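Good morning, colleagues. I should like to take a few minutes to go through one structure with you. Please have the sequence and the model on your screens.

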Amino acid sequence: MSRRPIMAGNWKMNLLQNDAKSLIEGIKSGLKELNKEQLPEIIVAPTYTSLSVVSNMLSECSCGKIALAAQNCHYETSGAYTGEVSVEMLKDIGCKYIIIGHSERRQYFSETDEMINKKAKAILNGGLLPIICCGETLEQRESGVTDEHIASQIRAALSGISNEDIAKSVIAYEPIWAIGTGKSCDAVEANRVIAMIRNVVEELTNSQTAGSIRILYGGSVKPATIEEQMSMSDIDGALIGGASLKSDSFNEIITNSMKVAV
Ligand code: PGA
């Protein structure tokens, strides 16, 4: 089953509005050089404060649509939740995707599997698509519980969601020890874990759904690593942090990803 690759940039808590504008200009001009027919789906996830400025620029893009993502959301629809942002607000500003369950949110903001499941449901009910992150710590990897841990994160995140909604969702496997460290997970091993995730999705749903859901790899993705990663059977794209903050490296990742026939 062919799944359209995704190259998604997670800008984290970086870039002021003007920097965001320049980065989008750079991405757009790099994309003009590439064959539109073969482009992966490109997603950018700016901070909340740059969503508006980026959204306005993306709707004018002549090189095909770059999709907008938020980095988080709240699961309630509205009300007394000071500091939070709803799915409807993110839809209103032009988002198509929302990243949830990033390890930084789990670690620094105490997000639980239950909250991530509520967010996934709120996103899908609101007509947007979740990018659900999962991943193990170095300690978990070294003690041999990686698969068990990831499977339980995925089962919890997808609990109570219909097969149809699961098929449209995106999962990102991001080993925590590979995030921002420059030390990307070996592509064969990343592919093994991602295939295991696809099996868990199949157990929860059916083979068609498992064959449709796109599962990305994230963790120190660079222009030099993407080709090998994209040559793997189950890796459908990348969630890119540091290397997505400069248009040169982000565009090079996109270009190199396209060298692999899908
Ligand atoms: P990195 O971040 O590419 O800087 O390792 C990836 C992520 O956290 O999504």
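Which of the 13 residues around the ligand come nearest? They are K12, H102, E174, G180 and S220. I should say at the outset that this is a predicted model.

Let me turn to the individual contacts. H102 places a polar side-chain atom 2.7 Å from an oxygen atom of the ligand. For E174, an N or O atom of the side chain is likewise 2.7 Å from a ligand oxygen atom. With G242 the backbone is involved: one of its N or O atoms lies 2.8 Å from an oxygen atom of the ligand. As for burial, the ligand taken alone exposes 280 Å², and the protein buries 95% of that area.

How do the residues of the shell around the ligand divide by character? Seven are polar, four are nonpolar and two are charged. The space that the ligand takes is the second largest pocket.

Finally, the chain as a whole. Its secondary structure comprises twelve helices and eight strands. Along the principal axes, the C-alpha atoms of the protein chain fill a box of roughly 45 × 45 × 35 Å. The radius of gyration of the protein chain is 17 Å, which agrees with a compact globule, because one with 262 residues would have a value near 18 Å.

Conventions: Residues are numbered from 1 along each chain as its sequence is written. This is a predicted model: local features need pLDDT of at least 70, side-chain atom pairs count only at pLDDT 80 or more; totals for chains, interfaces and linings use all residues. Side-chain values use heavy atoms; hydrogens and water are left out. A residue is near a molecule or strand if one of its heavy atoms lies within 4 Å of it. A polar contact is a pair of N or O atoms within 3.5 Å; within protein, one must be able to donate a hydrogen and the other to accept it, and residues adjacent in sequence count only if both atoms are side-chain atoms. Accessible areas come from the Shrake-Rupley method with a 1.4 Å probe; for residues, only the protein chains shown count as cover. On a 1 Å grid over the protein atoms alone, a cavity is a set of points where a 1.4 Å probe fits but cannot get out, and a pocket is an open set with protein on both sides within 12 Å along at least five of seven lines; lining residues have an atom within 4 Å of a point. A molecule sits in a cavity or pocket if more than half of its atoms lie within 2 Å of its grid points. Ala, Val, Leu, Ile, Met, Phe, Trp, Tyr, Cys and Pro count as nonpolar, Asp, Glu, Lys and Arg as charged, and the others, Gly among them, as polar. Helices (H or I, at least four residues) and strands (E, at least two) are DSSP runs, numbered from the N terminus. The radius of gyration is taken over C-alpha atoms; the globule rule is 2.2 Å times the number of residues to the power 0.38.
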